[in-house]
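Here is a structure to read through in questions and answers. Look at it first, then follow the turns below.

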Amino acid sequence: MKRCLITGASRGIGRAIAKKLAGPDVTLLLHGRDTIALAETCNAVKTNCAGVTSLVHDLATPKGVAKLAAQVGDAPLDLLVNNAGIAVVKPFAEITEVEWNQTLGVNVTAPFLLTQHFAPRMPPGSSIVNILSIAAKTGFPNWSAYCMSKFALEGFSQSVREELREHKIRVINIYPAATDTEIWNEIEGDWPRKKMISAEQIASAVAYALSRPSDVAVENITISSASGNL
């Protein structure tokens with residue numbers, strides 16, 4: 001029986017990954033802040049897997065992360081997917097301290113705390129998947145807080161990967177280009193969503209990396225539209 005924790009599973013990429021990984025030998029531990037949307041994800045996968053647990057917590061604070069970890073319990077995880085994230089899109093001079101700290105908390109501190117908490121008990125052959133972004137490698141105007149957080153998670157995950165090699169725990173980084181999810185509903189501007197990649201395509205890449213033999217690590221996957229990054 002495999003235990004898989006996916007953060008940010010209410011919708012979008014997280015929901016697509018949950019659907020892709022559901023199986024009769026899999027217990028899914030699904031996190032989200034939106035109770036209704038998370039329930040929809042749980043209902044979509046519960047008939048296809050061994051069990052589903054809903055985890056409604058705010059990862060912007062260490063207290064919220066601690067509550068999630070406590071609900072997950074002490075049984076080892078076979079997979080941790082750090083997917084939850086927020087994006088503040090505005091000129092850097094307009095970003096508030098609260099917005100900056102929330103971005104740092106959800107996108108950087110939460111993956112750090114969850115990895116630090118769960119990795120020591122993960123068995124050989126298990127995996128940690130970090131959903132990063134092409135914004136972990138390239139800066140974009142008006143995305144300074146988001147890019148900062150993804151650059152930070154990139155450095156952290158590269159270092160952790162080297163530390164966990166001796167324990168045979170794989171660290172897999174996914175770098176999607178603009179992805180057509182609900183996040184764009186909250187971002188001002190006219191975005192060409194029909195040209196974006198889909199959440200399902202990212203989920204397929206995650207599933208492929210995880211399907212490799214336990215001694216094979218597909219460590220970095222960049223996914224973008226054939227027409228280029230947005």
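Q: Which strands does α4 lie across, and at about what angle does α4 run to β4?
A: In this predicted model, helices (H or I, at least four residues) and strands (E, at least two) are DSSP runs, numbered from the N terminus. Axes are lines fitted to C-alpha atoms, for helices over the stretch in contact (heavy atoms within 4.5 Å), and angles run from 0 to 180 degrees between N-to-C directions. Helix α4 lies across β1, β4 and β5, and its angle to β4 is about 170 degrees.

Q: What is the order of the strands in the open sheet?
A: Two strands pair if DSSP finds at least two bridges between them. The pairing in this sheet of 7 strands is parallel, and the order is β3-β2-β1-β4-β5-β6-β7.

Q: Which are the edge strands of this sheet?
A: An edge strand here pairs on one side only. That applies to β3 (51-56) and β7.

Q: Which residue stands opposite Cys4?
A: Strand β1 (residues 2-6) and strand β4 (residues 79-82) run parallel and are joined by 3 bridges. Opposite Cys4, in β4, stands Leu79.

Q: What is the volume of the largest cavity?
A: On a 1 Å grid over the protein atoms alone, a cavity is a set of points where a 1.4 Å probe fits but cannot get out, and lining residues have an atom within 4 Å of a point. Grid points are joined across faces, edges and corners, and a volume is the space filled by probe spheres set on the points. The search finds 2 cavities of 30 Å³ or more, and the volume of the largest is about 40 Å³.

Q: Which helix supplies the largest share of the lining of the largest cavity?
A: The lining includes Val106, Ala110, Pro111 and Leu114. With 4 residues, the largest share comes from helix α4 (residues 97-118).

Q: Which element gives the largest share of the lining of the second largest cavity?
A: Both β5 (127-131) and α5 (144-164) supply at least two residues of this lining. The largest share, 3 residues, comes from α5.

Q: Why does Asp215 count as buried or exposed?
A: Asp215 is in the loop between α6 (199-211) and β7 (220-223). Buried means under 20% relative accessible area, exposed over 50%, partly exposed in between (1.4 Å probe, protein chains only). Because its relative accessibility is 69%, Asp215 counts as exposed.

Residues are numbered from 1 along each chain as its sequence is written, and side-chain values use heavy atoms, with hydrogens and water left out. Local features need pLDDT of at least 70, side-chain atom pairs count only at pLDDT 80 or more, and totals for chains, interfaces and linings use all residues.

Definitions and conventions. On a 1 Å grid over the protein atoms alone, a cavity is a set of points where a 1.4 Å probe fits but cannot get out, and a pocket is an open set with protein on both sides within 12 Å along at least five of seven lines; lining residues have an atom within 4 Å of a point.
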